[in-house]
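Me: I should like to learn how to read contacts and domains in a structure. Could we work through an example together?

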Amino acid sequence: MEKATVVVVGGGATGVGILRDLAMRGADVLLIEKGDLVNGASSRYHGLLHSGGRYAVKDQEAAKECIEENTILRKIGHSCVEPIGGMFVRLKSDPEAYEADWVEGCRTSGIEATPLTLEEAFRMEPRLSKNVVSAYAVPDAAIDGFRMSCQNVLSAAKYGGRTKTYTELVKIYQKNGEVTGIRVRNTLTGEEYDIECSILVNAAGGWCEKVAQLAGLNVPVQPDKGTLIAFNQRLANHVVNRLHKSSDGDIFVPHGSITILGTTSMSIDDPEDTSTHPDEVEKLLSIGAETFEDLRSYRILRVFAGSRPLYKQPGAEGRGASRGFVILDHAEEGLAGMMTIVGGKFTTYRLMAERITDMICEKLSIHEKCRTAEEPLVEEVSTEAKARAKKYFPSFGLELAATRLGPEAFDRVTKVLAENPEKRELICECENITRAEFEEVAGREECHIINDIRRRTRLGMGTCQGNFCAIRAAGAFYETGKLEAKDSLAQLKGFLQGRWKGIEPILMGRNVRETEMTRALYELSFNIDGGKLE
Amino acid sequence: MKEREVVVIGGGFSGLMAAIRSARAGKRTALLQYGSGAFPLNSGLIDILGYDREKNEVKNPLEAIKNLPKKHPYHRIGEAAVRSSADFFLKLMEEQGFPYEGSVTAHRHVATAIGTWKPSSLVPASMDLPDLKGKRIIVVDVKGLKDFDGKMAAANLTERVDSVVESTRIELEPVEGRDITLLSCARFMENGGWQKAVEALRPLDAEDVIFLFPQVLGIQGNNVYRALSKALKGSVVETTGMPPSANGMRLRDVLLRAAWSAGVEIVENAHVIGAETEGKTCKYIRVQAGVHEQHYSAERFILATGGFYSGGLYMEDLQKPREVVFDLPVSFDKSHWTDKDFFAEQGFMLTGIATDESLRPVDAMGTVVLDNVRIVGRNLDGYDFCREHSGNGVALSSAYKAATF
C-alpha cells in the first residue's frame with residue numbers, strides 16, 4: 001500500500017505551501033488535489049500581492065502580515081512577482097475622514113504609504129479620473145498565482161515532497177480516534193486505492209467543509225464568490241486601489257499585457273460555482289469607470305470568478321467576514337492526526353503554511369526550523385544562459401520562457417531549439433510558446449489534458465483566447481504520444497468550451513467578431529463533431 | 001453623385017455573386033469593397049444545409065429545407081432560387097476553368113484538417129473525394145508546416161472510416177527556424193514547389209492511393225492541383241484548413257475576374273459610412289474613399305456587408321446590435337443572445353436583419369423599411385450557419401435572388 005506520514009488535501013496556495021515547508025523540514029509528505037493545481041481560489045483572483053493597505057483600517061494584524069509576507073515573496077519568488085508598486089487613490093465622492101484613518105493605519109502596520117501630488121499621480125497613471133483628490137504610493141505588486149504554486153511543488157519535489165493531481169479524497173480511515181489512512185480516486189481514470197498516513201491536513205479551501213464531513217467533523221465554510229474582469233490591455237502601470245472602505249470593483253491589477261479588475265462578493269452554496277453573469281460585469285464596469293473613466297472603451301478578454309473560503313463566524317458574512325485564517329486541530333474533537341486550515345488570503349499563504357507546519361512538526365518530533373522565508377522557490381535563469389539562448393527564441397519570448405521554465409527546463413528547451421530549428425515553431429503566438437517548450441511541459445507527468453499545459457505555459461490565455469493555438473496544441477500534444485486520437489477532438493472541444501466560459505457573459509464589441517470566427521473554424525470548416533463516413 | 005443601376009456593398013462571396021449576376025443581367029453595376037470579405041476564413045465549399053436542428057446530417061439538403069424553422073432565410077429565398085443559383089454557380093465556375101462538383105440534392109464529403117469528414121453540396125475539384133473503396137489513404141504533411149498535423153488527422157480519420165489512414169511527412173523547403181504557414185506553403189507550391197512534392201511522394205505513388213494534402217495547392221486557380229494530378233498516379237485531394245484559407249483566396253480570385261469580365265465596376269477600399277434616405281427609398285450612400293467622400297445612387301442597393309465577423313453588424317454593449325450602413329432594424333432576442341454550450345445554437349448567430357420574400361428589410365411588424373435595398377448573406381437573420389453548415393448556400397442563393405430583375 002502507498003504510504004506517507006502526512007497527506008495534505010488541496011493543491012491551492014495553502015496546500016502547496018505546507019507541502020514545501022514539510023518537505024524542507026524532512027517530513028514524508030504527499031499532496032493530493034482533485035483537479036489540477038490551483039483550480040480553486042488560488043488562480044481565480046486578482047493576482048495581487050497585497051501591501052496590506054487594503055486592511056490598514058479594518059484589520060491591522062492582517063495588514064502587518066501582508067506587508068511582511070509581501071517582502072518575503074518578492075525575495076523568494078522572483079519570477080512570479082512583478083514588483084510594479086501600487087497606488088491608493090481617493091475620489092471626490094469618497095469620504096475624507098477615512099483617509100486620515102488609513103494613513104494612520106498604514107503607519108502603525110509598517111506599510112510605507114508615500115503621499116503623491118496629483119501631478120505625480122497623473123504622471124504615473126495618465127488615465128486616472130480627474131476626480132481623484134488624493135493619492136499615495138504603496139508597495140503592492142502583481143503575482144502569478146499559478147506559477148508561484150507550481151514552483152512550490154517543484155521546490156518541494158527537490159526535498160522529496162510528492163504531489164498527485166486529479167486525485168480526490170473519498171474516504172478517511174480512523175481507528176481508536178486516530179487517522180490511519182485515506183481512500184482516493186483518480187478522477188481521470190476512476191481508479192480507487194488506499195494510502196496509509198498518520199496525519200491528514202485539510203487545506204481544501206472552499207471544499208474544507210466537505211473534506212471534514214468525510215471524517216464526521218463540522219468545519220463551517222462559507223464560499224464567497226468574487227467575479228473579476230480581465231481586460232486585453234494594460235490600463236495602468238501600477239496596482240490601483242480606491243482609498244475608501246473596502247468594496248466591490250475597486251482594485252485594478254496589471255499583469256503582463258492585461259489588467260484585472262475586481263471583485264464582487266457574494267455568498268454561494270457550492271464552491272464549484274464559478275459562473276459569472278452580465279449583471280456582475282455591468283456592476284464592475286460602472287464602479288471601475290469611476291476610477292478610469294474610459295474603461296468601457298477597452299476590450300474585455302474574459303470574465304472569471306472564484307470563491308473565497310471564509311470560515312463561518314456567526315453574524316459575519318461577505319465583506320464583514322474575516323479574511324484571517326484559522327487552524328483547527330481536530331484531536332480536540334476526538335480525531336487525532338486530523339487538522340484543518342481555512343480562510344486567509346493568497347498573500348499570506350506562506351505564513352499560514354509555516355504556522356500549521358510548526359504544529360505538525362511538533363507532533364512528529366521534527367525540530368528543523370522553517371526555511372521557506374529564506375530559500376528562493378527556484379533558481380533564476382542566469383544571464384549567461386539567456387545570452388546563449390537569445391538567437392533561438394522569438395522576439396520577446398526569451399524572458400517569458402525563462403520565467404516560466406526555470407533554469408533546468410530552460411536549458412533543455414534551448415538545446416532542443418538549437419539542434420532542431422523545426423521546434424522553434426510558435427504554437428501560441430500571443431504568449432510566444434515554441435513547440436520545444438510545449439513539448440517540454442506536455443511531457444511532464446502532471447500534464448494529462450491540454451488545459452494542464454495551458455496553466456503551465458499560458459497557452460491560449462492571450463489575445464486570441466485559443467482561436468489559433470487550439471488546433472496546434474491538440475496536434476502537438478497528440479505527437480507526444482500522451483493523447484489518444486479518440487480523445488484529441490474531445491479535448492480540443494473542452495479547451496474551446498473553457499475559453500468560451502469566460503467570454504460568454506461579455507459577448508459584445510470585438511468579442512462577437514472573434515467568436516463568430518472561432519465557430520466558423522471549428523464547427524464549420526473543421527466539423528469538430530463530424531462522425532463516421534457511411 | 002455617381003449614378004449606377006445596382007450598387008453592391010461588400011466584396012465577400014455573396015457580394016461578388018450578386019454583382020456578377022447583376023452585371024450579366026445587363027445592369028450597370030458597382031461593387032464597393034473594403035477588405036476581402038470573409039474569404040480568408042471561407043473554405044470555398046458551398047454547403048446548402050449540412051445538418052438539421054438535432055445536428056443529424058441531412059440526406060437531401062434541398063428537401064430538408066422544408067423542415068427548417070419558419071424564420072429561416074431559405075423560406076424567404078425559396079427552393080427555386082436555391083436550385084437555380086447552384087446551377088448558375090456551377091456553370092460560372094466551369095466557364096472560369098475552376099470547376100466545382102456536386103448538387104443541391106445530395107451530399108459529398110470532404111476531409112478536414114483535424115481528421116473529420118464534412119458534408120457539403122458544391123465542392124471544388126481539388127477537395128472532391130473519389131470513392132474510397134479499396135483505396136489506400138495517405139495524409140501528406142509538410143515538414144515545418146504550421147496549423148496542420150498529419151498524424152493527428154490520419155488517426156482521427158481512421159476512427160471515422162473502415163480502413164487505416166496513413167500519414168507521411170515530406171520536406172519541401174528548408175525550415176530554418178521560421179514558421180511555414182499554409183499560405184506560404186501554397187505560394188511555394190505554386191512557384192514550382194509542387195515538383196518537389198511529386199518527387200517526395202513517388203515512392204508511395206500508386207493508382208489505388210489517395211493523397212490527402214493540407215490546403216496548400218496554390219493560391220490562384222487550380223494549376224497546382226492539375227499538375228499534381230497529372231504527375232501522380234494516385235488521386236490528389238485537399239482538406240479544409242486554418243485561415244487564411246487558400247481555397248477561399250482562389251475562389252475570390254476567380255470571382256473577381258469573372259466580375260471584371262462581366263463589366264462590374266469594382267471600387268476598392270470603399271468604406272461605406274452611411275446612407276441618405278427619403279421615405280422608403282435610399283437616395284444614395286456615402287462612401288469614404290481615401291480623404292474624399294463620394295455618393296453613389298442606384299435603383300437597387302444590395303447589402304452584403306456580412307455579420308459580426310465582417311463588420312456588417314456590431315454589438316457595442318449588451319443592449320442592441322446595430323446594422324452599420326442603413327441603421328436597419330436588427331432582429332434580436334436579448335434573452336437568447338448566447339448559450340453556455342459553445343457548440344449549441346447561438347442566439348447571436350441568429351441575429352440579423354429580417355426581410356420579406358424579396359429580401360427587402362422589414363421592421364418588427366413586418367413592414368418594408370427600404371424598398372430599393374436587398375439583404376444578402378450573413379446579415380440575414382434566422383440561421384446559425386456554423387451549426388447547420390449553410391453559410392455559402394444562403395450567401396449564394398440570397399445573392400442570386402437579390403440580383404434577379
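Reply: Let us begin with the idea of a domain: the bounds used here come from an automatic or database domain assignment. Please note also that this is a predicted model. In chain B, such an assignment gives domain 1 (2–102 + 250–402) and domain 2 (113–239).

Me: How many ångströms separate the centres of domain 1 of chain B and domain 2 of chain B?

Reply: Taken over C-alpha atoms, the two centres are separated by 32 Å. The two domains also touch, with 22 residues of domain 1 of chain B in contact with 13 residues of domain 2 of chain B.

Me: Which elements give two or more residues to the side of domain 1 of chain B that touches domain 2 of chain B?

Reply: They are helix H4 (79–95), strand S4 (100–102) and helix H8 (246–262) of chain B. Sorted by class, this side of domain 1 has eleven nonpolar, six polar and five charged residues.

Me: How is chain A divided into domains?

Reply: Chain A has domain 1 (2–40 + 146–220 + 323–364), domain 2 (82–142 + 224–307) and domain 3 (383–525). Between the C-alpha centres of domain 1 of chain A and domain 2 of chain A there are 33 Å.

Me: Let us turn to a pair of helices. At what angle do the axes of helix H1 and helix H5 of chain A cross?

Reply: Angles under 35 degrees count as roughly parallel. The axes of H1 (residues 13–24) and H5 (residues 145–158) of chain A cross at roughly 25° and come within 8 Å. H1(A) and H5(A) are therefore roughly parallel to each other.

Me: Is the crossing of H1(A) and H5(A) left-handed or right-handed?

Reply: H1(A) passes H5(A) in a left-handed crossing. On the H1(A) side, the residues that meet H5(A) include Val16(A), Leu19(A) and Arg20(A), while those of H5(A) include Ser149(A), Asn152(A) and Val153(A). By class, this contact has six nonpolar, five polar and one charged residues.

Me: How many residues does each chain bring to the contact between chain A and chain B?

Reply: Chain B brings 45 residues and chain A brings 42 residues. On the side of chain B that touches chain A, strand S6 (117–120), helix H5 (150–158) and helix H10 (385–388) of chain B each supply at least two residues. H5(B) gives the most, with four residues. The residues of this side of chain B divide into 18 nonpolar, twelve polar and 15 charged.

Terms used: Residues are numbered from 1 along each chain as its sequence is written. Chains are lettered from A and ligands numbered from 1 in the order in which they are written. This is a predicted model: local features need pLDDT of at least 70, side-chain atom pairs count only at pLDDT 80 or more; totals for chains, interfaces and linings use all residues. Two residues are in contact if their C-beta atoms, placed from the backbone, lie within 7 Å. Ala, Val, Leu, Ile, Met, Phe, Trp, Tyr, Cys and Pro count as nonpolar, Asp, Glu, Lys and Arg as charged, and the others, Gly among them, as polar. Axes are lines fitted to C-alpha atoms, for helices over the stretch in contact, and angles run from 0 to 180 degrees between N-to-C directions. Angles under 35 degrees count as roughly parallel, over 145 as roughly antiparallel, 65 to 115 as roughly perpendicular and the rest as oblique. A crossing is left-handed if the near helix is turned anticlockwise from the far one by less than a right angle, and right-handed if clockwise.
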